[in-house]
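This report walks through a protein model for a reader who has not met it before. Please look over the sequence and the structure before reading on.

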Amino acid sequence: MWPAQMNPAQSTLTPRQLHPHPHPLRVNQPDGLKKNGSNRYGALHTSSYYHFYNSYDNPISCAQPTSEPLEVTVEDKSDSSVTITWRPPKTIPANSGLDGYTVEITKEGTEDWKAVNEDLTVSCRYAIKNQTTGDRLLVRVVAVNSGGRSPPATIADPILVKEVGARPKVRLPRFLRQRYVKKVGEKINLVIPFSGKPKPVVTWLKDGEPLDPKRANIRTSDTDSILFVRQAERVDSGSYEMCVKVDDFEDKAAIIIQIIELPGPPASIKVADVWGFNVALEWTAPKDNGNTEITGYTVQKADKKTGDWFNILEHYTRLNATISDLIMGNTYTFRIFAENKCGLSEECARTKEEATIVKEVIDYKPTPFVERDFTEAPKFTTVLNDRSTTVGYSTKLLCSVRGSPKPKIMWMKNKMILNNMDNPKYRMISTGGICTLEIRKPGQYDGGEYVCRAENQLGKVDTGCKLEVKSK
């Protein structure tokens, strides 16, 4: 920051070396430090870092280095090279950012660290080339910005420069890629195949700690490893990790094992209310769920007279229930079992108080029955529509009617009443309120205006249409 009373253009800058570094690093000079293409402050060593101060000895900037890079690992290697990868630092200051990374190596047993990249690399992957087969290298990565070098991130174990025959690989069976559940007392016998050349070194961990040989046995061959537990206990539940390693390469597989047993009974139960033929029950979840979730509850009732228990709710998932259809005058006791994947709990929670369904005198006054009048005047729900037909082709006229009492149906042509018996050309049918007039092989003189009339004691109604008979 510049003092308020000072003009930045008139101040003088003095470079102050913060700390030297034994290895050359490329440091980009700010544009403000160049004049006519040359540095007016003399030679600034690119292997050192500087802060610049004004004549009042106030720092121009407060650049900070980043935190160390994360998760430096070996990706690949050959007889003459090693390829490593890493993740960016967790903390990158906003005012100084990140310029790149320097990769440094030294042979095992020495502290002579040397940078293998002349220029900073911005990638999180680097191939260290031109190495001697059989050397054991220590590798570290340093993040660099205008604030300086970050703490180094180092690969803990030396890396042997040597071609790997076949990378190790754990071939986890599909059924073990999800939670593996067993009951208490059952045996666990898991066979995990793997591959790798030369023969990988196999290690097992449980929750990040070595396995207890008293609880689990490990048998490893050239192609698989077996985890065996003779009688499973709940303490055997946890996250198991199998690691196969060949030189600097390794592969891991995680297996979640869950050992379950029957749950305990519900912690408490009470009769919350009694009314009519109903009883309201409330209870709390078991203190011991058997190391797995509670899937439901079974509610039973017993009549004080008989003492026999009957199921009234099964696989019930809530913590309260209303028991209905109880018998008036009886006294009831209730009990509840918890249920999980293993089955019902061996013990139950039982109500301390009894629920009595009290007899009540009910004065029932039935509502007088009023007979409904269903009589209705005729009404066409579907009317006749005009139609046309061809000479010699039979046709039908359709309509629908309702009414009570059942209306009498009458058909007319050009205001003349038609009769089945007088003229067999016409066929009149009325079934279920559907009225049909069939005209058999009509001629040109059968065209005209047709009317259907429905009539009962409450009235009559007509519907009509025109029929056109065309010649062939």
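## The surroundings of S237

S237 sits in the loop that runs between strands β20 (224-229) and β21 (238-246). The model is a predicted one. S237 has a relative accessible area of 15% and therefore counts as buried, since the limit for buried is under 20%.

The side chain of S237 takes part in two pairings described here. In one, a polar atom of this side chain lies 2.8 Å from the backbone nitrogen of I259. In the other, the side chains of S237 and N291 are joined by a polar contact of 3.1 Å. I259 and N291 also appear among the residues that S237 touches, along with K206, D207, I257 and Q258; residues up to four places away in sequence are not counted.

## The surroundings of T389

T389 belongs to strand β33, which covers residues 387-390. Its relative accessibility is 10%, so T389 counts as buried, the limit again being under 20%.

With neighbours within four places in sequence left aside, T389 is in contact with T395 and P442. The list of its contacts also includes L467, E468, V469 and K470.

## The second largest pocket

The second largest pocket has a volume of about 250 Å³. Its lining includes V72, T73 and V74. I155, A156, D157, P158 and I159 line this pocket as well, as do K245, D248 and E250.

Strand β5 (residues 70-77) supplies the largest share of the lining, three residues. By residue type, the lining of this pocket divides into six nonpolar, four charged and one polar.

## The protein as a whole

The protein has 40 strands and zero helices. It is made up of 472 residues, of which 39% count as buried. S237 and T389 are both classed as buried.

Among contacts with a separation of 6 or more, 64% are between residues 24 or more positions apart. The contact of T389 with L467 is one between residues in separate parts of the sequence. The accessible surface of the protein comes to about 28,800 Å², and carbon and sulfur atoms account for 49% of that surface.

Note on methods: Residues numbered from 1 in each chain as written. Predicted model: local features only at pLDDT ≥ 70, side-chain atom pairs only at ≥ 80, totals over all residues. Heavy atoms only, no water. 1 Å grid on protein atoms, 1.4 Å probe; cavity = no way out; pocket = protein on both sides within 12 Å on 5 of 7 lines; lining within 4 Å. Points joined across faces, edges and corners; volume = space filled by probe spheres on them. Helix = DSSP H or I, 4+ residues; strand = E, 2+ residues; numbered from the N terminus. Nonpolar A, V, L, I, M, F, W, Y, C, P; charged D, E, K, R; others polar. Buried < 20%, exposed > 50% of the residue type's maximum accessible area, 1.4 Å probe, protein only. Contact = heavy atoms within 4.5 Å. Areas by Shrake-Rupley, 256 points an atom, 1.4 Å probe, with all protein chains shown as cover. Polar contact = N/O pair within 3.5 Å; in protein donor to acceptor, adjacent residues only side chain to side chain.
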